[in-house]
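Student: I have a chain to go through and some questions about it. Can we take them one at a time?

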Amino acid sequence: MDDLLTIGVFAARARLSAKALRLYDRLGLLTPAYVDEVNGYRYYRADQVERARLVALLRQLDMPLARIAEIVDVVEPAGAQAAERLAAYWAGAEERFASQRTLVAYLRGRLSGTESGMDETYGKFTVETVDTAPQVLLTQSRHTLADELPTWIGASLGRLEEGAAACGGTTGAPFVVYHSEVSMESDGPAESCVPVADVSAARAWAAEHGRAWETKVRVEPAGRLVYTRISKAQVAHPQILAAFEAVERWIAEQGLKIVGPCREVYFADWDAAGPEDPVCDVAFPVAS
């Protein structure tokens, strides 16, 4: 007992409160070296100070306690692994911050109700047009709400890109068409599309896999798209709505007519992209 520290002394050395130490004990983050069975007093070893300080520093990053446990439990046997877990957490945090920053800008413009506020919201989007050639599309459709949409897009495009290998390969960037609004109240449907080279092979592949995933083949004619390019952070809902609205506003100003449902065209490696990297074109087909 002579080499153990009371909770008060240990708390002072670790720069943590006694209340925090009791919480970390309950969560298994920092267990006392000894607890007196009679009075319940907690005692700690001096060599536990470093772990306690590490927990306190990680908490300053607003890291959930469960994630902290994943890091501190591997520090001693595998410090490099702990560093990698911290890096992964912070990469996710930076992505969330970038997404929230975009959402704040969008909401400021909407809430201001002024022309300057709307210009702040929409003025940062560069709107362009592009003419498209006819495309053979391997597609999958689903009714889905906004919170389920990202997972479904990744899964469906992954399936279609695998199928494209049996259809002469892909001939363009994959995209998602919204045939009706997708939000937390409206479920679309949305349609994932991958352009492929061989229409006959595509129809054969769709016939084999169509029942399980609502897979179809359609040929999209040549046309013109009005689009704006957005970053990975801007893709998140609802801030992506600002990009759609910016394109719609530009189309109205130019006196053009929308002739089909809006879409998101994914041209970059999503997993490799950072929050500020461009990954997607938000587009509407218009009369050419």
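Student: Where is the place of Asp-62?
Tutor: Asp-62 sits in the loop between helix 3 and helix 4. Keep in mind that this is a predicted model.

Student: Is Asp-62 buried or exposed?
Tutor: Asp-62 is exposed, because its relative accessibility is 65% and the exposed class starts over 50%.

Student: And what is phi of Asp-62 near?
Tutor: Phi of Asp-62 is near 60 degrees, which is a positive value in a residue other than glycine. Arg-15 is another such case, with phi near 60 degrees.

Student: Where does Arg-15 lie, then?
Tutor: Arg-15 lies in the loop between helix 1 and helix 2. Arg-15 is exposed as well, with a relative accessible area of 61%.

Student: On to helix 2. Which residues are buried there?
Tutor: Helix 2 covers residues 18–26, and Ala-20, Leu-21, Tyr-24 and Asp-25 are its buried residues. These four are on the same side of helix 2, because they cover an arc of only 140 degrees around the axis.

Student: Why would residues three or four places apart point the same way?
Tutor: An α-helix has 3.6 residues a turn, so residues at that spacing point the same way.

Student: What do the buried residues of helix 2 pack against?
Tutor: They pack against helix 1 (7–14), strand 3 (42–45), helix 3 (49–59) and helix 4 (65–72). On the other side of helix 2, Lys-19 and Arg-26 are exposed. Just after helix 2 comes Gly-28, with a positive phi of about 80 degrees.

Student: Different topic: which residues form a nonpolar patch on the surface?
Tutor: Leu-61, Leu-86, Trp-90 and Phe-97 do, and together they have about 310 Å² of accessible area. Leu-86 belongs to helix 5, residues 79–112.

Student: Why does Leu-86 count as partly exposed?
Tutor: Its relative accessibility is 31%, so Leu-86 falls between the buried limit of under 20% and the exposed limit of over 50%.

Student: Which residues does a cis peptide bond join?
Tutor: Gly-188 and Pro-189, with omega at about 20 degrees. Pro-189 lies in the loop between strand 6 and strand 7. That loop also holds Ser-183, strand 6 being 175–178 and strand 7 being 190–196.

Student: Is Ser-183 buried or exposed?
Tutor: Ser-183 is buried, at a relative accessible area of 6%. Leaving aside neighbours within four places in sequence, Ser-183 is in contact with Leu-145, Ala-146 and His-237.

Student: What is Ala-133 in contact with?
Tutor: With the same sort of neighbours left aside, those within four places in sequence, Ala-133 is in contact with Glu-220, Pro-221 and Ala-222. Ala-133 is found in the loop between strand 4 (127–132) and strand 5 (135–142). From Ala-133 to Arg-159 is 26 residues in sequence and 24 Å in space, C-alpha to C-alpha.

Student: Last, the whole chain. How many helices and strands does the secondary structure come to?
Tutor: Nine helices and eleven strands. The chain is more spread out than a compact globule, because its radius of gyration is 27 Å, well over the 19 Å that the globule rule gives for 288 residues. The C-alpha trace spans about 85 × 55 × 30 Å along its principal axes.

Student: And what percentage of the residues in the chain is buried?
Tutor: Buried residues make up 41% of the 288. The chain exposes about 15,800 Å², of which carbon and sulfur atoms supply 52%.

Definitions and conventions: Residues are numbered from 1 along each chain as its sequence is written. This is a predicted model: local features need pLDDT of at least 70, side-chain atom pairs count only at pLDDT 80 or more; totals for chains, interfaces and linings use all residues. Side-chain values use heavy atoms; hydrogens and water are left out. Patches are made of residues with over 30% relative accessible area and no salt bridge: like charges are joined within 9 Å, nonpolar side chains (Val, Leu, Ile, Met, Phe, Trp, Tyr) within 5 Å. Accessible areas come from the Shrake-Rupley method with a 1.4 Å probe; for residues, only the protein chains shown count as cover. A salt bridge is a side-chain nitrogen of Lys or Arg within 4 Å of a carboxyl oxygen of Asp or Glu. Helices (H or I, at least four residues) and strands (E, at least two) are DSSP runs, numbered from the N terminus. Buried means under 20% relative accessible area, exposed over 50%, partly exposed in between (1.4 Å probe, protein chains only). The radius of gyration is taken over C-alpha atoms; the globule rule is 2.2 Å times the number of residues to the power 0.38. The arc is that of the directions from the helix axis to the C-beta atoms. Contact means heavy atoms within 4.5 Å.
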